[in-house]
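Q: I'm new to this one, so could you take me on a close look at its pockets? I'd like to hear about their linings in particular.

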Amino acid sequence: MYTPPPIIFYSKINSTQDKAWEFYDKGLSNIVVLANEQSMGHGRHGRKWFSPKGGLWFSYLKTVNIQPELLDLISTACGVAVALSLRDLNLNALIKWPNDIIVNSKKIAGILISTKIMKNKITALVIGVGLNLNVNINAFPGELREQITTVLNELKHYTDELKTLILILQKLDEFLDNIILNKAIIHKYARELNYLKNRPIKALLISNKMIEDIVKDIDESGKLITANGLALSIYDVVQLY
Ligand code: BT5
């Protein structure tokens with residue numbers, strides 16, 4: 001029987017991710033911050049995350065003791081956990097490396113992982129999950145509607161928010177609590193669910209360089225392998241186009 005971590009609920013908040021770190025600063029850990037609506041939801045590198053009512057917006061603060069080199073694997077594990085949960089809801093979910101979940105070629109969820117590093121170890125993680133659950137596509141701004149979808153839009157019925165949250169948390173705990181032991185199974189799913197396989201990509205790197213390449217695979221450490229032989233880490237890539 002799975003016991004989920006305590007869940008702290010807000011009807012409206014700036015960002016569950018920021019709130020989770022505030023709780024960390026007050027000494028709390030292993031909690032989930034959940035909100036009905038976010039006014040300043042954000043993605044990677046300060047990008048805006050639209051979070052209207054009806055979505056599943058949460059951040060899971062977890063204390064860990066992991067080497068920073070394992071961040072790609074952690075990120076992959078989180079993608080696999082969310083994609084498999086959506087598959088349990090009968091959606092054909094795939095993972096667009098590093099952190100997008102795709103259904104019918106459209107983004108349905110995004111994952112943001114932030115870390116606290118001390119003495120060269122990741123000591124705390126906040127895993128932010130934004131899933132467009134019971135949201136009508138019209139709740140999003142016009143420029144996004146073409147590129148995104150929602151669970152409601154795909155399934156044509158409402159889905160229980162709390163059950164979906166617990167489904168995802170259980171899979172996150174299952175993978176992350178034994179990350180080394182689960183490496184092979186995480187890798188197997190990541191390869192099977194790799195939306196980018198054989199697709200051309202453009203990537204803006206942290207060095208400000210733009211590259212064009214073709215995706216070949218995901219390696220067992222969670223890096224993206226390209227036709228030109230690059231092994232891209234989540235640390236290297238600012239944005240994929
Ligand atoms: C992500 O960032 O995909 C990670 C998003 C994580 C959001 C969660 S919600 C709970 C927690 N609290 C927060 O404040 N954040 C986390 P990134 O890869 O940077 O993608 C951002 C891009 O996705 C934007 O530039 C838009 O193009 C697109 N986008 C914005 N809102 C979206 C939405 N609701 N659904 C699909 N795509 C969206």
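A: Here is a walk through the largest pocket, followed by the second largest one. Keep in mind that this is a predicted model.

Let's start with the largest pocket, which holds about 840 Å³ of space. Its lining is made up of 38 residues. If you want to find the middle of it, look for Arg 47, Trp 49, Asp 100, Lys 107 and Gly 110, the lining residues that lie nearest the centre. Quite a few elements pitch in with at least two lining residues each: helix H1 (16-25) is one of them, and the strands are E3 (56-66), E5 (100-103), E6 (106-118), E7 (121-131) and E12 (237-240). E6 gives the most, with five residues. As for the chemistry, this lining has 16 polar and 15 nonpolar residues, plus seven charged ones.

Now for the second largest pocket, with about 250 Å³ of space. Here 16 residues form the lining, and the ones nearest the centre are Arg 44, His 45, Leu 112, Ile 113 and Ile 234. Two or more lining residues come from each of these elements: helix H2 (71-88) and, once again, E6. E6 is the top contributor here too, giving four residues. Sorted by class, the lining splits into eight nonpolar, seven polar and one charged residue.

So E6 is a good strand to follow by eye: it gives the most to the lining of the largest pocket, and it also gives the most to the lining of the second largest pocket.

Note on methods: Residues numbered from 1 in each chain as written. Predicted model: local features only at pLDDT ≥ 70, side-chain atom pairs only at ≥ 80, totals over all residues. Heavy atoms only, no water. 1 Å grid on protein atoms, 1.4 Å probe; cavity = no way out; pocket = protein on both sides within 12 Å on 5 of 7 lines; lining within 4 Å. Points joined across faces, edges and corners; volume = space filled by probe spheres on them. Nonpolar A, V, L, I, M, F, W, Y, C, P; charged D, E, K, R; others polar.
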